[in-house]
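Student: Could you take me through one small part of this model in close-up, and then show me how that part fits with what lies around it?

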Amino acid sequence: MSVGWFRTAVLGSDPLDRLRIPDGTTVQEHDVVNDGDVLVGGQSTVELGVRGQNVVAGERARFGGDIEAEGDVRLDMWCDVEGNVLAGGDAYLGERVHVSGRLVVGGDLDIGDDVEIEEGFEANGWIVIRNPMPTVVFFMAYLAQLLRLGEEAEAQELIDELSAEAEADPITIPRGARVSDDAWRVSTPAEIGDDCRLHGNVRATDIDVGSDSNLFGSLRAQGDVVVGQGTKVHGDVTTRGGDVYIREDALVLGDVSGENVVIHPDADVDGGIRARGEMTLDRDPTRDPE
């Protein structure tokens, strides 16, 4: 399994403290597609399929479509998948996971108690029926065992691997999120990268969209909203208590509303602009770091 997410979770900050959509992410025929990993927090609902390098989901996460991973799939207890699960590597399913379709695993299958796979499963490697050890616990136990045996070189090699940068940034969906064709709803900040193509309204505490993305929905936040250079928003851009920044060559097809609105002279807004404070034209519409 790719360990970039593990490096962030254990050796750095919490990877699920916000909705992160990396550069180049698209929604294709009701699937969220990314070259990197897909990390989904517990008790989240993703009413779409997901396709990525590795897919990891916390307890009671729900998916409304297929899960396809080139590498590994790890689903914590009580997860529910309304579709098939395809893993090119290994699969780890915690107790009481439900899969309405078929499970196909290219490597080993580690499966917990009371798992239900309605259309059966196949695995090319070993099949172990037990409650799989959580991934973080497994890595820490393995590291401790290496050190206990005096295998410092192997332990350092493992640490170096965990600390290495991932080839592609993961999609991270925070705990309790709801993702569908209609809306991406989170109670955290949201960061959307460059060259993304997404369907649905985005609802978050703060929203920052990169350049040249195409968003088929509106943006609504409690705090600041940033629309990147060349990005097109097919809807409104509104905030309850923050400011709105619209950069060069961006296009908003709906209304814009915020405490203060800062717009690049070469940006276009088809609807109305409402600012409770000031509306400013600025060639460098950048958020105040405060």
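Here is a close look at one histidine and its strand, followed by a few loop residues and rings.

Tutor: Happy to, and keep in mind as we go that this is a predicted model. Let's start at His98, which you'll find in strand E14, a short run covering residues 98–99. Is His98 buried or exposed? Its relative accessible area is 14%, so His98 counts as buried, the cut-off being under 20%. Its side chain does have a polar partner, though: it makes a polar contact with the side chain of Glu118, at 2.7 Å. If you skip the neighbours within four places in sequence, the residues in contact with His98 are Cys79, Asp80, Val81 and Glu82, plus Glu116 and Glu118.

Now zoom out to the strands. E14 belongs to an open sheet of twelve strands with mixed pairing, in the order E17-E14-E11-E8-E5-E21-E22-E25-E28-E31-E34-E37. The two edges of that sheet are strand E17 (116–117) and strand E37 (273–275), each of which pairs on one side only. So where do the contacts of His98 fall in this picture? Glu116, one of them, is in the edge strand E17, while Asp80 and Val81, also among them, make up strand E11. E11 and E14 run parallel and are joined by two bridges. Follow Val81 across and you reach Val99, its bridge partner in E14.

Next, have a look at the loop between strand E7 (55–57) and strand E8 (62–63), where Arg60 sits. Arg60 isn't a glycine, yet its phi is positive, at about 65°. Most residues other than glycine have a negative phi, so that one is worth pausing on. With a relative accessibility of 44%, Arg60 is partly exposed, because that value falls between the 20% and 50% cut-offs. Arg60 also lies over the face of Trp78, 4.8 Å from the ring centre.

There's a second arginine over a ring to look at: the charged end of Arg74 sits over Tyr92, 4.2 Å from the centre of its ring. As for rings paired with each other, a search of the whole structure finds zero aromatic pairs.

Finally, go to Gln43, in the loop between strand E4 (38–40) and strand E5 (45–46). Gln43 is another non-glycine residue with a positive phi, here near 60°. Its relative accessible area is 41%, so Gln43 is partly exposed.

Conventions:
Residues numbered from 1 in each chain as written. Predicted model: local features only at pLDDT ≥ 70, side-chain atom pairs only at ≥ 80, totals over all residues. Heavy atoms only, no water. Helix = DSSP H or I, 4+ residues; strand = E, 2+ residues; numbered from the N terminus. Buried < 20%, exposed > 50% of the residue type's maximum accessible area, 1.4 Å probe, protein only. Polar contact = N/O pair within 3.5 Å; in protein donor to acceptor, adjacent residues only side chain to side chain. Contact = heavy atoms within 4.5 Å. Pairing = 2+ DSSP bridges. Phe/Tyr/Trp six-rings, centres within 6.5 Å; stacked < 30°, edge-to-face > 60°. Lys NZ or Arg CZ within 6 Å of the ring centre and 35° of its normal.
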